[in-house]
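I opened the notebook to record some helix packing and a few single residues. Each entry notes what I looked up and what I found.

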Amino acid sequence: MQAIALQGAKYYPLDNTAIIHIATRNKTYSNIFRLEVNLTQKINVNQLQNALDNITPRFPTIVAGLKAVCSKYKVVPITAPLRVMREGSRLASFTEEEMNECALRVFYGEKTISAEFFHSLTDGHGGLVFLNTLVAEYLRLQYGLRYSDNSLTLNPFDKVDESEIRDDYSIFAKRGKSSLTYCSAYKLPGEKRKDNTIQTVTGVFDLNGLMSISHKYNTKLTTFLTTVMAEAIFELQNRYNDKRKKCKPIRIMIPVDLRRRYQSKTLRNFTLYVTPKIASDDYGLAFNSLIDKIGAQIKEQNRNEIHASTMGDYEAKNNSFIINHIPLPLRCLLLRCAYNIFGDCSTSITLSNLGKAEYPQEINSYINGVSFFLTPKKKSNYNCSIISFKDKLYISFSYRYIKAELAEIFFRKLTEFGITQYSESI
């Protein structure tokens with residue numbers, strides 16, 4: 001309990017995007033993401049628990065619960081040590097009790113350490129910093145490993161910096177015309193699983209080969225992968241002879257980490273999105289024309305002034321006198337209805353590239369690979385998440401369908417570009 005006492009008893013307000021994740025949670029759906037690290041040696045569970053206890057005070061807004069306090073949800077300290085659990089099913093919905101006590105899970109497998117984060121606490125960057133720090137502390141305890149800190153691996157015994165627990169949406173928000181737009185997007189076809197459980201599949205590809213082919217098309221890796229995704233969806237539409245493709249555009253949601261452009265160190269959510277739109281008329285375009293069209297949309301949407309106005313829109317809504325005087329249960333109901341009508345219907349799939357999982361050099365030899373998973377939205381039954389380590393790119397699909405048809409098409413299309421796919425799986 002010493003680590004819990006050191007965490008303190010401070011409550012934190014939610015960041016300006018967090019409440020929507022709470023409002024839309026139910027028995028079968030929570031907006032969760034998962035990070036995994038595969039090590040070279042078997043896990044010592046007792047040492048992993050010791051490592052988790054040691055780093056808990058360092059992450060007061062991540063190793064935390066979410067509770068209604070005085071008609072507002074707050075990030076609250078845990079009241080009992082978080083226990084590591086034996087690996088179970090991936091991305092299972094958080095119950096309300098779990099969310100209240102600690103909206104984070106830590107798992108171990110034979111050689112894996114994993115964490116699942118309820119999105120109200122943090123985004124992919126914050127989650128990666130937490131898991132990297134946990135793995136580094138575990139290796140220190142287990143093997144006496146000494147290592148240097150970096151921006152993604154913190155010293156667990158340092159004091160918490162105020163910039164790490166700050167809501168930077170409110171700091172960098174600016175008034176202006178909101179850039180938030182909504183339209184009904186095409187939903188990917190497939191035979192849905194009756195039990196509504198989430199399945200995952202991961203493909204591992206040569207990162208250098210992917211970077212090289214992206215440069216050949218004079219574009220960034222995420223734009224290249226988004227274009228391949230659009231073509232994979234076109235093929236899936238044809239496979240199902242889906243006439244809906246003529247009615248609704250494909251919209252691919254791409255998260256954008258705002259930390260570099262605003263010099264932010266926050267470990268809370270600080271991500272916005274771009275959503276390029278691909279119309280049915282774009283089917284049949286040459287790949288280089290399609291990549292130019294998608295790239296132009298991403299560039300146009302990914303501007304600081306647009307992101308600042310979006311943050312301003314969040315800030316205005318969260319500070320609205322009228323909204324703040326609506327009883328919390330009714331406010332959550334209204335948010336849930338709005339999300340079901342607008343948010344959940346406005347994208348076809350998310351493609352989230354978390355970037356490189358960079359560890360201190362001394363740690364690299366202990367790690368075999370990494371992976372990253374997103375919960376599919378309620379009505380978007382696929383999501384795609386990407387992370388790299390060393391010279392490999394790990395592309396994961398989560399889905400509620402019986403078959404991972406979109407993943408199979410997407411992986412095949414990458415190999416058709418001459419990209420090496422490795423046989424290892426996560």
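**Entry: α8 and α10**

I started with helix α8 against helix α10, residues 287-301, in this predicted model. Their axes lie 9 Å apart, and the packing angle is about 120 degrees. Angles of 65 to 115 degrees would count as roughly perpendicular, and those over 145 as roughly antiparallel. The pair is therefore oblique. I noted the crossing of α8 over α10 as right-handed.

Next I listed who meets whom. From α8 come Thr223, Phe224, Thr226, Thr227, Val228, Ala230, Glu231 and Phe234. From α10 come Phe287, Leu290, Ile291, Ile294, Gly295 and Ile298. I sorted this α8 and α10 contact by class: nine residues are nonpolar, four are polar and one is charged.

**Entry: α8 and α15**

I stayed with α8, which covers residues 221-239, and turned to helix α15, residues 405-416. The angle here is about 125 degrees, and the axes are 9 Å apart. That makes α8 oblique to α15. The crossing of α8 and α15 is right-handed.

On the α8 side I wrote down Phe224, Leu225, Val228, Met229, Glu231, Ala232, Ile233, Glu235, Leu236 and Arg239. On the α15 side I have Glu405, Leu406, Ile409, Phe410, Arg412, Lys413 and Leu414. Which classes make up the contact of α8 with α15? I find eleven nonpolar residues, six charged and no polar.

I compared my two α8 lists. Phe224, Val228 and Glu231 of α8 appear in the contact with α10 and again in the contact with α15.

**Entry: glutamate 405**

I picked one charged residue from that contact. Is glutamate 405 of α15 buried or exposed? Its relative accessible area is 11%, so glutamate 405 counts as buried. I then looked up its contacts, leaving aside neighbours within four places in sequence. Glutamate 405 touches Leu236 and Arg239, both of which I had already listed on the α8 side. Gly190, Tyr240 and Tyr382 are also in contact with glutamate 405.

**Entry: α3 and α5**

I moved to another helix pair. Helix α3 spans residues 45-55, and helix α5 spans residues 124-143. Their axes come within 8 Å and cross at roughly 125 degrees. α3 and α5 are therefore oblique to each other. Their crossing is right-handed.

α3 contributes Gln47, Leu48, Asn50, Ala51, Leu52, Asn54 and Ile55. α5 contributes Phe130, Thr133, Leu134, Glu137, Tyr138, Arg140, Leu141 and Gln142. By class I get eight nonpolar, five polar and two charged residues for the contact of α3 with α5.

**Entry: leucine 39**

I followed Tyr138 of α5 to a strand residue. Leucine 39 belongs to strand β2, residues 32-39. Its relative accessibility is 3%, so leucine 39 counts as buried. Apart from neighbours within four places in sequence, leucine 39 is in contact with Tyr138, Val135, Lys111, Ile113, Tyr366, Ile367 and Asn368. I also checked the separation from leucine 139. The two leucines are 100 residues apart in sequence, and their C-alpha atoms are 10.0 Å apart in space.

**Entry: positive phi**

I looked up backbone angles next. Most residues other than glycine have a negative phi. Leucine 91 has a positive phi of about 60 degrees. Leucine 91 sits in the loop between β5 (85-86) and α4 (96-101). At 3% relative accessibility, leucine 91 counts as buried.

Lysine 390 also has a positive phi, about 55 degrees, and is not a glycine. I placed lysine 390 in the loop between β14 (382-389) and β15 (392-399). With a relative accessible area of 47%, lysine 390 is partly exposed.

**Entry: the whole chain**

I closed with totals. I count 15 helices and 16 strands in the protein. The radius of gyration is 21 Å, close to the 22 Å that the globule rule gives for 426 residues, so the protein is as compact as a globular protein of that length. Along its principal axes the C-alpha trace spans about 60 × 55 × 45 Å.

How much of the protein counts as buried? The figure is 54% of the 426 residues. Last, I checked contacts with a separation of 6 or more: residues 24 or more positions apart account for 77% of them.

Methods. Residues numbered from 1 in each chain as written. Predicted model: local features only at pLDDT ≥ 70, side-chain atom pairs only at ≥ 80, totals over all residues. Heavy atoms only, no water. Axes fitted to C-alpha atoms, helices over the stretch in contact; angles between N-to-C directions. Helix = DSSP H or I, 4+ residues; strand = E, 2+ residues; numbered from the N terminus. Parallel < 35°, antiparallel > 145°, perpendicular 65-115°, else oblique. Left-handed = near helix turned anticlockwise from the far one by under 90°. Contact = heavy atoms within 4.5 Å. Nonpolar A, V, L, I, M, F, W, Y, C, P; charged D, E, K, R; others polar. Rg over C-alpha atoms; globule rule 2.2 N^0.38 Å. Buried < 20%, exposed > 50% of the residue type's maximum accessible area, 1.4 Å probe, protein only.
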